[in-house]
Protein chains: 2
Amino acid sequence: VPLPQHIQTVDPAHAWRLLNTGATVLVSATHGGRSNVMAAAWNMALDYAPVPKVAVVIDKSTFTRGLIESSGRFALGAPTQGIADATYTLGSLSGRDAPGANKLDALGINWFVPEGLHDTPPLVAGCAGWLLCERIAEPHIESTYDLFLGRICAAWADERAFINGKFKPIEQIPPALRTIHHLGGGEFVVPGAQVKAQSGGWK
Amino acid sequence: VPLPQHIQTVDPAHAWRLLNTGATVLVSATHGGRSNVMAAAWNMALDYAPVPKVAVVIDKSTFTRGLIESSGRFALGAPTQGIADATYTLGSLSGRDAPGANKLDALGINWFVPEGLHDTPPLVAGCAGWLLCERIAEPHIESTYDLFLGRICAAWADERAFINGKFKPIEQIPPALRTIHHLGGGEFVVPGAQVKAQSGGWK
């Protein structure tokens with residue numbers, strides 16, 4: 001099958017909405033037969049048109065960073081309440097210490113790669129959506145601020161959470177598929193309500 | 001009084017936690033007798049030590065951007081459900097069109113400046129917390145990506161939402177004081193549950 005059940009492609013121009021509510025992300029990278037995934041609360045959309053872009057902070061100490069620098073690519077996934085433990089585990093253990101070439105396999109965490117793609121960072125199963133990005137090389141801000149920029153070249157989402165380019169109303173998303181937002185130390189808040197604001201005018 | 005009721009100072013080293021869950025922010029700036037505030041979903045913490053820093057995307061079309069470039073300072077506030085309408089209004093109307101020198105006054109939105117500070121961007125009342133930042137001048141990424149970096153020089157929070165350097169457990173925060181996370185078009189999700197993840201180990 002081209003994609004796992006419930007997973008659909010997303011127009012990269014709409015992928016910013018997967019990041020807009022500020023969920024923690026999982027950052028994946030692959031190079032030279034090694035694959036790794038780390039967690040990153042410090043991420044944001046950077047543009048939606050004409051070139052959809054993201055920004056993410058990736059510390060110098062991480063194993064993932066070297067794979068991104070070598071391969072020029074990374075993927076972001078927006079994990080959900082259903083994989084909160086896996087997310088915290090990926091953020092707590094370094095792939096440098098993994099017994100094997102793929103941190104996800106070493107932790108027993110499921111992943112997939114869309115059919116037809118090669119040498120692609122693994123997408124962690126159970127996310128609400130994923131973005132495949134090409135690194136935009138900006139060596140000064142990478143070395144000074146650990147700040148990485150990427151061009152979104154493809155995106156996917158779980159249709160039970162995100163469809164037609166946007167999240168479903170929160171009450172229609174099963175709790176296990178709602179995004180998680182890191183407070184720190186493995187504590188996350190999860191969206192529970194949705195409000196529609198009204199714009200006022202000049203007094 | 002030095003600060004409004006319930007508002008306490010926050011150690012800048014802990015201010016990253018105000019941004020960590022990905023809430024939309026209000027960006028304030030003041031210069032030459034003009035004050036302005038805009039909304040920005042694309043924001044993140046950039047560091048907590050040794051120098052606490054933030055990153056935020058500020059479009060070239062905004063009135064706020066010129067005030068930041070001229071003054072070298074900006075403030076971020078994390079708005080709450082109680083001021084969702086004001087947040088959307090601030091994001092929908094440009095201060096360039098405001099009848100008066102202060103967009104907040106022109107919209108009837110309350111604000112304050114902590115005692116002893118001068119020429120300081122207005123802090124919008126009703127936020128869970130605020131960060132006062134000095135712009136870190138990086139002209140290349142500002143002009144290419146609309147990406148602004150700042151050094152956090154002071155921070156404050158509403159003790160009913162954020163105390164001792166972190167958010168209170170979500171069930172202890174009154175709904176009106178919970179942060180809002182922008183889906184787009186004035187629709188926001190609001191945290192409703194909190195989970196403590198457990199870290200696993202290698203298989």
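# Notebook: loops, sheet and symmetry in a two-chain model

I began with Asp119(A), which sits in the chain A loop that runs between β7 (111–112) and β8 (123–124). I looked up its backbone angle: phi is positive, about 50 degrees, although Asp119(A) is not a glycine. Is Asp119(A) buried or exposed? Its relative accessibility is 65%, and exposed means over 50%, so Asp119(A) counts as exposed.

**Confidence.** I noted that this is a predicted model. For chain A the average pLDDT is 97, and 100% of the residues score at least 70. For the complex, the predictor gives an ipTM of 0.97 and a pTM of 0.98.

**A positive phi in chain B.** I then went to Asn164(B). It lies in the loop of chain B between β11 (162–163) and β12 (166–167). Phi of Asn164(B) is near 55 degrees, again positive in a residue other than glycine. Its relative accessibility is 71%, so Asn164(B) counts as exposed.

**Cis peptides.** Which residues does a cis peptide bond join in chain A? I found Ala49(A) and Pro50(A), with omega about -5 degrees. Pro50(A) belongs to the loop between β4 (43–47) and β5 (53–57) of chain A. I checked chain B as well. The bond from Ala49(B) to Pro50(B) is cis, and omega is near -5 degrees. Pro50(B) is in the chain B loop between β4 (43–47) and β5 (53–57).

**How the chains relate.** I looked up the superposition next. Chain A falls on chain B after a rotation of 180 degrees with 0.0 Å of shift along the axis, and the RMSD is 0.0 Å. The two copies are therefore related as by a two-fold rotation axis. Both copies use the same surface: 100% of the contact residues of chain A recur in chain B.

**The sheet across the chains.** In what order do the four strands of the open sheet run? I read β13(A)-β14(A)-β14(B)-β13(B), with antiparallel pairing. The edges are β13 (181–184) of chain A and β13 (181–184) of chain B, each of which pairs on one side only. On average, neighbouring strands of this sheet are turned by 40 degrees against each other, direction ignored.

I followed the chain A half. β13(A) pairs with β14(A) in the antiparallel sense, over three bridges. One pair I traced is His182(A), whose bridge partner in β14(A) is Phe188(A). The two strands form a hairpin, with two residues between them. Gly185(A) is in the turn and has a positive phi of about 60 degrees.

Then I took the chain B half. β13(B) and β14(B) also pair antiparallel over three bridges. Here I traced His181(B), and its bridge partner in β14(B) is Val189(B).

**Helix α3 of chain B.** Which residues of α3 (residues 84–92) are buried? I listed Ala84(B), Ala86(B), Thr87(B), Thr89(B) and Leu90(B). What covers them comes from both chains. The cover includes β14 (187–196) of chain A. From chain B it includes β2, β3 (34–40), α4 (103–107) and β14 (187–196). So β14 of each chain turns up twice in my notes: in the open sheet and in the cover of α3(B).

**Ser28(B).** Strand β2 of chain B spans residues 25–31 and holds Ser28(B). Its relative accessibility is 3%, so Ser28(B) counts as buried. Where does its side chain reach? I found the backbone oxygen of Pro122(B), at 2.7 Å. Leaving out residues up to four places away in sequence, Ser28(B) touches Asn36(B), Val37(B), Phe74(B), Ala75(B), Pro121(B) and Pro122(B). Pro122(B) thus shows up in both look-ups, as a contact and as the residue whose backbone oxygen is reached.

**Glu134(B).** My last stop was strand β9 of chain B (residues 129–136), where Glu134(B) is found. With a relative accessible area of 33%, Glu134(B) is partly exposed. What does Glu134(B) contact, its neighbours within four places in sequence left aside? I wrote down Gly72(B), Leu149(B), Gly150(B), Arg151(B) and Cys153(B). I also took one distance. Ile109(B) is 25 residues away from Glu134(B) along the chain, and their C-alpha atoms are separated by 24 Å.

How values were computed. Residues numbered from 1 in each chain as written. Chains lettered and ligands numbered in written order. Predicted model: local features only at pLDDT ≥ 70, side-chain atom pairs only at ≥ 80, totals over all residues. Heavy atoms only, no water. pLDDT = per-residue confidence, 0-100. Buried < 20%, exposed > 50% of the residue type's maximum accessible area, 1.4 Å probe, protein only. Polar contact = N/O pair within 3.5 Å; in protein donor to acceptor, adjacent residues only side chain to side chain. Contact = heavy atoms within 4.5 Å. Pairing = 2+ DSSP bridges. Axes fitted to C-alpha atoms, helices over the stretch in contact; angles between N-to-C directions. Least-squares fit on C-alpha atoms with pLDDT ≥ 70 in both.
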